[in-house]
Structures are given as structure tokens and as C-alpha cells.
Amino acid sequence: MKAILVHEFGGPEVLKFEEIPTPRPAAGQVLVRIHAAGVNPYDTYMRNGTYAIKPALPYTPGSDGAGVVEAVGEGVKTVKAGDRVYVAKTLTGAYAEYALTLESQVHPLPAKITYAQGAGVWVPYGTAYHALYQGTRARAAETVLIHGASGGVGIAAVQMAHAMGLIVFGTAGTEKGLELVKREGAHHVFNHTEPGYLEEILKASSGIGVDLILEMLANVNLDQDLKLLARHGRVVVIGSRGDVSLSPRDLMTRRGSILAFTLWGITEAEEKEIHAGLFAGLENGTLRPIVGKELPLAEARRAHKEVLEPGAFGKIVLLP
Ligand code: NAP
């Protein structure tokens, strides 16, 4: 099969498009024919060798993908050959024509969701679900600022928060991104590249501040987020690419809190709840992954460059 292989950590140039043997499922394993693989920013940190998880080399990147079950190993009961599925983590990597997974890593893909959309389910929607339901325990009528709403996680959070009955504020850095965020359910949108946009957010909250902030770039924004919080407000740190200094008094005076997590660290029970919630939302149409760009698998290097550039528009996916 064709697959992307990383033999050494480094820049996008270490992503090699190669021919390797197709894996075979052992007991309890599932072989999935990948029709689309999702590209997440953490794939690039891992490829650089700077991420908390350093895979053994060589490895094939990718935890997100969607396709059809090709074969199952002995004892697998919940899926069979021919089933449409999305994968949430794999044993051998999703940037490939086939990926081997554990039985617990494949989940049914509703008929109305395309494979390209299915490749944008696990990390983006799993993260948004954990942040809103399990982390901040968001409630209807609360206000939420999705700081970085135009990308994979942001769009997922906008759709989910809207469906939960929250008042949704979203930011993006381009007109196209702002339009998308508004279309997908934000009640108010702001351009995070424009001076004065933080004051605009405060004004739109009638000067009270927002109850929740989902933060995609904490190293840039966390200090200012604390000044935007309402009393008892919660910020959840989802993404950060460096250090930040902040004033604890901003939290103390608001009785606010900062929460943070990585999707890798959640419990099995939380993960089970997430997949059940996502399936319902995908099936009833409240969750609609947005695919901004489809590239051939051989162009993984380009995908890794572009996923870190400004101008996000939902997901970038690779097609094997
Ligand atoms: P993505 O699709 O690349 O989107 C990045 C988002 O950040 C875009 O909406 C982008 O907006 C926005 N952004 C750029 N500059 C910003 C600024 N100054 N202030 C606020 N937002 C800004 O990435 P993603 O998949 O949504 O992931 C977002 C972040 O969360 C990444 O750092 C990722 O590594 C992290 N993450 C963490 C977890 C976890 O487990 N904790 C899980 C998933 C993702 P424009 O392009 O429109 O400017």
C-alpha cells in the first residue's frame, strides 16, 4: 500500500510517500481502507519531534480518518467488512491507504457524512465535546467565546455550542473565515487580527464579559482572556504554542478559573460518552464537519505547511 513514512524528526520534508506492506489484522484488530485522513496541527508537532508524545521511528502519522472496514481479526464483534467507519486513533497511522486499529478505535459513520467529513471528526469534534460538556460543563444561555473559531476545533465548537443553546461569539482572521463561523452558528463574529476587537467583544457582552472561553492560541491570548471573563467565568486552554505571562488578580476578582487538557489524557468513560454524543449529532445534522481543502496523500508535505498558516477554513484532509 501507499503510505506516508517519517524516518527522522524534522520539517515537512521528512514526510516520505512510500510503498509498504499492507498490514493484516490480528485478533481484536480491524483493517480499515482509508478514504480520507484528517490533518491536525499536532501531527506537525509530532513530526518535528517536539510533542509530548514521540513515536518510535519510522512511523506513519495520523489519528483521524474515515473509510470502509476491509477485514477484521478474530473475536471482533462490533464491526464487519464493508462497514463505513471513522477512526479515532490507529495502531499504524491514518496517512495511508489502509490503517490497522483496535476494535475500540473504529466508530460507525452515519450515511449522510462523507468520508472527507469523517476524517475531521475525532480530534476536532472530540476536543470540542470534551471542552464544552466535560470540561467547562457549559449550560444553555451562557455566553461562550470561541477564540479561533474558523479551524477544525473552532467550527466543531461553534456548531455544538449553538445546538446546546449558548450565545456564541467566534473569532477568525479573514473575511472568509468570519463568514464561515457566522454561517455555522456564531451569533457574533470578530476578527482577531484587528486592533480593538477585544473591546468589541466586551461591548457585545454588555460589558459583563463572557462565561466561557475556548482558547486555541493561549500563548497569545490567555492574559487578555482573563480580562474578558464574566464572574465565575472559565477559560479552557485547548491550543498553545509557547509561554505567556498573566495577572492572577484578573482571575481572583472574577472568581474565574483556567482549565486545560489534552485529548490524549481523557478517560475511557469520557471517550465512550464523546463517541455516543458525536454519533447522535452527526446523524441528526447538528454536527457537520467542514472540509476546506482536499489534497492527495502524496501532498502531505503541503498539508503540513498549510495547516499552520493563517486563513483556516475548517479541515484539511488527505485522500489516499
Ligand atoms: P486549525 O484548524 O489550524 O485552526 C487554527 C485556529 O486558530 C484558526 O481558527 C485560526 O484562525 C486561529 N487563530 C490564528 N491566530 C489566532 C489568534 N491570534 N487568536 C485566536 N485564534 C487564532 O487548528 P485546530 O485543529 O482548530 O486546533 C487549534 C489549536 O488547538 C491548535 O494549536 C491545536 O494544536 C490545538 N488542539 C489541541 C487539542 C488538545 O487536545 N488540547 C486538540 C485539538 C487541537 P485564522 O486562521 O482564521 O486566523
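Visitor: How many of the twelve residues of helix 4 are buried, and why can helix 4 be called largely enclosed?

Guide: Good place to start, and please keep in mind that this is a predicted model. A residue counts as buried when its relative accessible area is under 20%. In helix 4, ten of the twelve residues are buried, so the rest of the structure largely encloses this helix. Among those buried residues are Gly152, Ile155, Ala156, Gln159 and Met160.

Visitor: What does helix 4 span from its first C-alpha to its last, and what is expected?

Guide: Helix 4 reaches 17 Å between those two C-alpha atoms, close to the expected 16 Å. Just after helix 4 comes Gly165, with a positive phi of about 90°.

Visitor: Now for empty space. How do I read a cavity?

Guide: The general idea is simple. Rolling a probe the size of a water molecule over the atoms shows where empty space is left. In this model the count is one cavity of 30 Å³ or more, and the largest cavity holds about 30 Å³ of space.

Visitor: Which helices each supply at least two residues of the lining of that largest cavity?

Guide: They are helix 3 (122-135) and helix 4 (152-163). Helix 4 gives the most, with three residues. The lining includes Gly152, Ile155 and Ala156, along with Pro124, Tyr125 and Lys315. Gly152, Ile155 and Ala156 also appear among the buried residues of helix 4.

Visitor: How do the residues of that lining divide by character?

Guide: The lining of the largest cavity has six nonpolar residues, four polar and one charged.

Visitor: And pockets? How much space lies in the second largest pocket?

Guide: A pocket, unlike a cavity, is an open set of points. The second largest pocket holds about 370 Å³ of space. Its lining has 17 residues, and the closest to its centre are Glu103, Ser104, Gln105, His107 and His275. Strand 7 (106-108) and helix 9 (268-284) are the elements that give two or more residues to this lining.

Visitor: Which element gives the most to the lining of the second largest pocket, and how do the lining residues divide?

Guide: Helix 9 gives the most, with five residues. By character, the lining of this pocket divides into six nonpolar, five polar and six charged residues.

Visitor: Let's turn to strands. Is strand 11 largely enclosed or open to the outside, and why?

Guide: First, a general point: in a regular strand the side chains alternate between the two faces of the sheet. Here, six of the six residues of strand 11 (residues 210-215) are buried, so the rest of the structure largely encloses this strand.

Visitor: In what sense does strand 11 pair with strand 8 and with strand 12?

Guide: Strand 8 (residues 143-147) pairs with strand 11 in the parallel sense, over four bridges. Strand 12 (residues 229-237) also pairs with strand 11 in the parallel sense, over five bridges. To follow this residue by residue, start at Ile146, whose bridge partner in strand 11 is Leu214. Leu214 in turn has Val236 as its bridge partner in strand 12. Between strands 11 and 12 the chain passes through helix 7 (residues 218-228), and this β-α-β crossover is right-handed.

Visitor: Now some backbone details. Where is there a positive phi in a residue that is not a glycine?

Guide: Arg137 has a positive phi of about 50°, and His232 has one of about 65°. Arg137 lies in the loop between helix 3 and strand 8, whereas His232 lies in strand 12.

Visitor: How accessible are Arg137 and His232?

Guide: Exposed means over 50% relative accessible area. Arg137 therefore counts as exposed, at 58%. His232 has a relative accessible area of 43%, so this histidine is partly exposed.

Visitor: Which residues does a cis peptide bond join?

Guide: The cis bond joins Leu57 and Pro58, with omega at about -10°. Pro58 sits in the loop between helix 1 (41-48) and strand 4 (64-72).

Visitor: One last item: what separates the C-alpha atoms of Leu259 and Glu13?

Guide: Those atoms are separated by 35 Å, and the two residues are 246 residues apart along the chain. Leu259 belongs to strand 13 (residues 257-260) and is partly exposed, with a relative accessible area of 29%.

Methods: Residues are numbered from 1 along each chain as its sequence is written. This is a predicted model: local features need pLDDT of at least 70, side-chain atom pairs count only at pLDDT 80 or more; totals for chains, interfaces and linings use all residues. Side-chain values use heavy atoms; hydrogens and water are left out. Buried means under 20% relative accessible area, exposed over 50%, partly exposed in between (1.4 Å probe, protein chains only). Two strands pair if DSSP finds at least two bridges between them. A crossover is right-handed if, with the strands pointing away from the viewer, the path from the first strand over the helix to the second runs clockwise. On a 1 Å grid over the protein atoms alone, a cavity is a set of points where a 1.4 Å probe fits but cannot get out, and a pocket is an open set with protein on both sides within 12 Å along at least five of seven lines; lining residues have an atom within 4 Å of a point. Grid points are joined across faces, edges and corners, and a volume is the space filled by probe spheres set on the points. Ala, Val, Leu, Ile, Met, Phe, Trp, Tyr, Cys and Pro count as nonpolar, Asp, Glu, Lys and Arg as charged, and the others, Gly among them, as polar. The expected span of a helix is 1.5 Å times one less than its number of residues.
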